Amino acid sequence: VLSDEEKRKQYDAYGEEGLKDGHQSSHGDIFSHFFGDFGFMFGGNPRQQDRNIPRGSDIIVDLEVTLEEVYSGNFVEVVRNKPVARQAPGKRKCNCRQEMRTTQLGPGRFQMTQEVVCDECPNVKLVNEERTLEVEIEPGVRDGMEYPFIGEGEPHVDGEPGDLRFRIKVLKHPVFERRGDDLYTNVTISLVEALTGFEMDIAHLDGHKVHVARDKITKPGAKLWKKGEGLPNFDNNNIKGSLIITFDVEFPKEQLTNDQREGGCLKAPSRQRGCTDLSPE
Amino acid sequence: MRGGCRLFPLLLLALLRGLCHGREPAPGAVTCGSVLKLLNTRHNVRLHSHEVKYGSGSGQQSVTGVEASDDANSYWRIRGRSDGSCQRGTPVKCGQAIRLTHVNTGKNLHTHHFPSPLSNNQEVSAFGDDGEGDDLDIWIVQCSGTYWEREDAVRFKHVGTEVFLSITGEQYGHPIRGQREVHGMPTANHHNYWKAMEGIFIKPGVDPAKHDEL
């Protein structure tokens, strides 16, 4: 079927119809001729299986984002400078392909030859053009997620341009560690605070303060869960993960003096004069 | 919508660029994180790499100059001299040390004491894995002015061997017929000027805390 030139043209036209509007072809004829290929034509992405529309390469650009941007979102402006096919005077050969041609030598005698057949297209030249694109870093975005810009990839003179894809790369943060929608951080408290309690504010990614208060004994490695103080969920920004604070206790660096041993620094209340020696700051 | 600059017609961008100054420093500068093609202005070919190794010298992945303007293998990413040293959107200063990472293969523009195959200058290769190579991946951007502007032709001087990234016109045969040899040469001349061409240029960054949304 595909070697017959007329039927091949109809197949080409029908195949392209999925991508271009307004292509008229005789559907009735095509269905009867191609009945055997029915499953082939309707399976899969028409864009990929169409051999006649070549595509330029995709470009994948890694976009580094900070955890602050993952928390609050951000916009990144980008200038895309790319070659675009523009009309030029004259004609050129395009869509060149190998085809089998059947010629009749005489009654009942045919010859099949292979030849290169090209279409004639308007001549094009590549001209550089610029446009500004804006990539939105959505709150809760995860490492590896991609933001595609259709058609902004490499051009193809005989076909369509490829796509431009921004791939998110979340940078490591000096204070917070991300696990899913939860944030983990470590806080060091003094021995006195560990035994007698403390109150502190932790600065979050957007600057707001998370208040932590404790009046019981805090063991080294103890964890405190703050619900709703994690990262926003990508699919529903109203849901936030948790902030998990792990406490590390800093022991005094030097040996206690006799005064300190006797002086009751280790009894509540803490942070009195003379007891501050026990905290490492 | 932020600012009126985004609305300017695209082809007139060059003419109207002057009107867009003021919001960010050096709006026409090349920034870290940008992906671009570099054109050698003397020989009109673009810096290029591919999964073809040198048959001599170090045997590492080769770097060449190609005539085509629509080859995705000519894209290089601008990064600081070490991880975290140049934030996304920071304009590159003249005299700053950078790395150029080949987008499709993840290898860095690299040179070392090996002779180049055609001209016997210094071999320039693409080296490393996933953007991580070694200390010989670092190049200084030489230009006049404060920042590396996109319209300017700049030189790349290697940190370590002090050579300039150059092309002098020698051409390879099969299997990369027509591609030019890229090498390092010790003298600064008209063979080592490069200009940023096609690419994805991240605009000089605005602090997210100061971002104003309508």
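**View 1. Bridge partners R80(A) and I200(B) in the predicted model of the complex.** In this predicted model, R80(A) has I200(B), a residue of strand 12 of chain B, as its bridge partner. The pairing to which the view is devoted joins strand 2 of chain A with strand 12 of chain B, residues 194-202, and it runs in the antiparallel sense over four bridges.

**View 2. The salt bridge between E154(A) and K37(B).** The side chains of these two residues, E154(A) and K37(B), meet at 2.7 Å, N to O. Across the interface of chain A and chain B, four salt bridges are found, while a search of the whole structure, over all chains, gives 26. The pair shown crosses between chains: E154(A) lies in the loop between strand 4 (146-149) and strand 5 of chain A, and K37(B) belongs to strand 1 of chain B, residues 35-40.

**View 3. The contact surface between chain A and chain B.** On the side of chain A, 31 residues are in contact with 28 residues of chain B, and the area buried between the two chains is about 2,600 Å², with carbon and sulfur atoms giving 51% of that area. Within chain A, the residues that lose the most area to chain B are E77(A), V79(A) and E130(A), which together account for 23% of what that side buries.

**View 4. Polar contacts and the strands of chain A that touch chain B.** Between chain A and chain B, 13 residue pairs are in polar contact, counting pairs in which both residues have pLDDT 80 or more. The side of chain A that touches chain B draws at least two residues from each of strand 1 (59-65), strand 2 (74-106), strand 3 (109-137) and strand 5 (164-170) of chain A. Strand 2 of chain A supplies the largest share of that side, ten residues. By class, the side of chain A that touches chain B holds 15 nonpolar, five polar and eleven charged residues.

**View 5. Confidence in chain B and in the complex.** Chain B has an average pLDDT of 87, and 84% of its residues score at least 70. Two segments of chain B stay under 50: residues 1-9, for which the model has 16 contacts beyond four places in sequence, and residues 13-23, for which the model has twelve such contacts. Where pLDDT is low, predicted coordinates should not be read in detail. For the complex, the predictor gives an ipTM of 0.82 and a pTM of 0.75.

Notes: Residues are numbered from 1 along each chain as its sequence is written. Chains are lettered from A and ligands numbered from 1 in the order in which they are written. Side-chain values use heavy atoms; hydrogens and water are left out. Contact means heavy atoms within 4.5 Å. Buried area is the accessible area (1.4 Å probe) that two parts lose on being put together, summed over both. A polar contact is a pair of N or O atoms within 3.5 Å; within protein, one must be able to donate a hydrogen and the other to accept it, and residues adjacent in sequence count only if both atoms are side-chain atoms. Ala, Val, Leu, Ile, Met, Phe, Trp, Tyr, Cys and Pro count as nonpolar, Asp, Glu, Lys and Arg as charged, and the others, Gly among them, as polar. Two strands pair if DSSP finds at least two bridges between them. pLDDT is the predictor's confidence in each residue, from 0 to 100.
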